[in-house]
Amino acid sequence: MAFWLCTTPPAADAVLSRFDGRFWTVDFPRPMMAAVTNPAADALRVDLVFQTRGDLAGLIWAAEDRFDHPLLRYATERDFRGCRLRFRWRSQGILPLDAVNGPTLTIEGRDAAGQAATWYVRLWNYATGTPEDAAVTLDFADLAGGFRLPDDARPVWAGDIDRLFVSMVPPGYDGSDALLPAAAEGWVELSDIACDGPGAVIGLGDVVVPEHGFAVASGYDDSYHLTPARLLRNALHLGYRGAITHYVGMSHYFRLEPLGAGLYVSLRGGVINAACAAWHRDFAERAQRFGYALIWSLSYELLDAHCWSDWKQRAADGTPAQTGWTPPSALLSPAHDGAMRYLRQVATAFVGLGVAAGLAPHFQVGEPWWWLMADGRPCLYDAAAVAAFAPVAIPSVRAPLDAVQRATLDRAGAALAASTAALVAQVRGAFPGCRTYLLAYLPTVLDGAAPDWARAALPVGWAAPAFDVLQLEDYDWVTAGDGALTARGVAVAQARLGYPPAQQQYFAGFVAEAAQAAAHWPRIEAAALAARARGVAAVTLWALPQVMRDGFVHFEGEDAMQDYDDILFPIALGREAAVTPAFSTTILTAAGGAEQRNAAWAEARTSYDVGPGVRSEADIAVLLAFFRARMGPARAFRLRDPFDAEGQDEPLGSGDGVRRQFALVRHYGAAVRRIVRPVAGSVRVAIDGVATQAFSLAADGMLLFDTAPAAGSRVTASFVFDVVVRFAEDHLRVSRTTFLAGEAVSVPLIEVRT
């Protein structure tokens with residue numbers, strides 16, 4: 001597999017001016033909103049939306065880079081004593097520099113004795129100009145906390161700092177949770193940012209991974225605190241090209257209006273809040289400059305705390321449909337006209353930001369579904385749904401359903417399809433020629449325990465040509481190692497909706513927790529390569545924030561799927577072919593003749609010369625065409641070894657009542673060889689000597705049983721298999737003279753480890 005999980009940053013291979021505007025972040029409490037962007041190379045801007053009198057946002061520089069990919073992080077430097085930071089400060093809509101509770105630099109670290117310490121540096125004490133337009137100079141070797149200097153000065157020891165935090169609060173700030181009468185917008189700009197002194201330059205990872213065949217997805221809810229420049233730098237340097245699928249999220253894009261003690265999504269004053277709009281405007285403009293397309297993705301979810309009650313899907317007992325995220329999101333009812341009109345406005349606004357930046361319009365309807373409770377209760381009973389299609393009672397879709405209940409699911413599916421059709425029509429109407437995508441999450445819409453649920457969750461109203469592209473994801477199956485379910489699910493979706501592989505894209509991922517990285521990324525990589533092999537138009541990794549967090553690196557190598565053609569060498573070899581298995585062994589011979597032998601390979605690597613099998617000019621023509629099509633040794637292929645191509649009753653292991661996957665292997669005494677290219681239709685499996693058909697064959701010679709073999713049972717298999725080989729040389733020499741003289745052509749091949 002062509003990937004690497006980089007956990008330790010290598011030595012920095014470039015340098016960065018400390019306090020570079022791209023590497024600041026923002027933090028803030030809900031329900032306020034803030035975003036940081038870079039209007040110039042030496043500048044940053046923070047856009048703010050305040051909702052309460054206690055809202056406080058922080059503009060942060062961290063001594064340790066915890067967000068970039070390990071190959072791209074800046075070096076950890078906690079000693080700031082040699083630094084002098086200068087910038088021009090301009091602000092509007094926040095408390096000014098000279099106010100009580102005005103912008104304050106909080107410095108967190110340790111004092112000279114190593115004790116945890118925090119200093120509060122009033123920026124106004126180091127500013128010249130006006131409270132809203134000033135030049136600020138911070139010499140970290142001569143800096144003091146305190147409101148009024150020198151009266152209450154507390155000198156800063158800047159030799160061991162963790163982070164710097166510039167606070168920004170709204171006018172009228174009092175620290176309370178009291179709602180403002182209406183959302184208040186503000187902004188701060190730092191321009192002419194310059195740092196000098198001995199600590200002004202720090203190391204920066206600047207590795208560039210060669211362009212490869214994968215695209216990448218991003219999610220605003222996971223990246224709102226970073227600058228778009230920082231996010232796109234990671235995508236570009238890690239080799240991702242083509243279209244970035246960008247999920248606009250469910251918790252940070254909306255505007256809010258007060259009602260009672262709560263805040264609810266609103267179109268008052270616009271569609272997208274000012275901070276989110278500023279971030280995405282910058283994101284789209286930079287994506288366009290970098291050569292990326294953007295697919296704007298919108299789901300049927302909203303943060304539950306801000307979702308109108310009548311917009312929510314509900315179970316029959318009135319329980320609202322909520323995801324398991326913390327805090328939870330609510331699922332919007334496809335039957336509710338207000339909720340759907342709102343989504344149509346949001347979709348048009350985001351696609352419009354991309355078009356304004358010079359990007360072609362692309363829009364994805366992301367995972368639109370009716371929610372299913374864990375116990376099988378469908379959420380089809382909100383007031384709008386009841387009025388729209390009069391659902392009958394369905395206690396659980398995992399129980400047998402009668403014709404009337406199935407008809408309810410059909411009507412629910414029709415309502416869902418109508419809602420997505422209206423959404424797509426709105427975007428296409430605003431942006432003619434917009435390319436549209438549907439993302440379906442197969443483990444949910446194709447619940448094996450509820451075969452009729454697809455009527456509602458994967459409606460036939462989505463069949464081609466409702467969308468230009470069908471996008472499929474199945475990460476629960478992938479991370480569980482259940483490749484057979486993936487194959488079946490893709491086949492069902494393709495048959496039901498009619499999108500051929502050339503009109504499909506596959507989403508591989510995701511890894512919810514960093515602790516799962518080592519276990520899940522190998523399976524994600526394998527699933528992505530398998531999707532590419534089945535001919536989908538694009539493979540996208542979900543998602544860039546997880547790639548950055550886990551240090552995932554994809555690269556193309558000899559064993560990458562695009563370097564392999566699943567095709568058999570076209571000339572029958574007979575017994576004339578030469579077969580040479582080889583090991584790599586280092587033998588050290590002592591002066592007395594004693595040997596120490598070190599085997600570098602656990603399995604033999606076989607070389608072949610298939611030239612003796614070439615018997616006619618017709619064979620030579622086929623050989624030359626095949627050599628050209630494989631680009632010489634560039635692309636691997638299958639070869640049927642004339643001397644070793646079958647396994648008979650090979651033991652694969654013992655059952656334990658839980659394990660369902662077994663790898664095909666061939667035994668040579670005590671040596672074991674993995675079989676990764678069995679011949680389709682040749683695999684016969686037995687459990688305790690009794691043949692069974694209750695299995696499927698997944699990629700790379702993996703068997704997946706429908707039910708785990710019983711504990712202690714003996715699993716065996718018989719099969720025919722091929723070897724993956726490539727041409728050993730860049731040239732192939734044949735001539736008519738050689739053939740007529742009865743001389744064998746030399747055609748060396750070498751086994752490729754997969």
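Modeller: Before we start, one definition: two strands count as paired if DSSP finds at least two bridges between them. Also keep in mind that this is a predicted model.

Biologist: Okay, let's use that. Which residue in E14 is the bridge partner of Ile107?

Modeller: Start with the strands: E8 covers residues 104–110 and E14 covers residues 161–168. They pair in the antiparallel sense over five bridges. In E14, Ile107 has as its bridge partner Leu164.

Biologist: Those two belong to an open sheet of five strands. Which strands stand at its edges?

Modeller: Read the order of the sheet, E3-E6-E14-E8-E9, where the pairing is antiparallel. An edge strand here has a single partner strand, so one side of it is left without a neighbour in the sheet. Neighbouring strands are also turned against each other, by 25 degrees on average, direction ignored. The edge strands are E3 (25–27) and E9 (116–122).

Biologist: On to the rings. What kind of pair do Tyr441 and Tyr475 make: stacked, edge-to-face or tilted?

Modeller: Their centres are 4.6 Å apart, and rings pair if the centres lie within 6.5 Å. Planes under 30 degrees apart would be stacked and over 60 edge-to-face. Here the planes are at 35 degrees, so the pair is tilted.

Biologist: How many residues apart are Tyr441 and Tyr475 along the chain?

Modeller: Tyr441 is in strand E25 (residues 435–441), while Tyr475 is in helix H9 (residues 475–479). Both are buried. The pair links distant parts of the chain, and its separation in residues is 34.

Biologist: Which residue's ring has Arg122 lying over its face?

Modeller: Elsewhere, the charged end of Arg630 sits over the ring of Phe626, 4.6 Å from its centre. Arg122 does something along those lines, at 3.8 Å from the ring centre of Phe147.

Biologist: Now cysteines. How many disulfides does the structure hold?

Modeller: A disulfide needs two cysteine sulfur atoms within 2.5 Å. For Cys195, the nearest cysteine sulfur is that of Cys83, 4.3 Å away, and Cys195 is in no disulfide. The sulfur of Cys434 is 18 Å from the closest one, in Cys276, which is too far for a bond. Over the structure, the number of disulfides is zero.

Biologist: Last one: is Cys434 buried or exposed?

Modeller: Buried means under 20% relative accessible area. Cys195, at 13%, is buried. Cys434 has a relative accessible area of 4%, so Cys434 is buried.

Conventions. Residues numbered from 1 in each chain as written. Predicted model: local features only at pLDDT ≥ 70, side-chain atom pairs only at ≥ 80, totals over all residues. Heavy atoms only, no water. Phe/Tyr/Trp six-rings, centres within 6.5 Å; stacked < 30°, edge-to-face > 60°. Helix = DSSP H or I, 4+ residues; strand = E, 2+ residues; numbered from the N terminus. Buried < 20%, exposed > 50% of the residue type's maximum accessible area, 1.4 Å probe, protein only. Lys NZ or Arg CZ within 6 Å of the ring centre and 35° of its normal. Axes fitted to C-alpha atoms, helices over the stretch in contact; angles between N-to-C directions.
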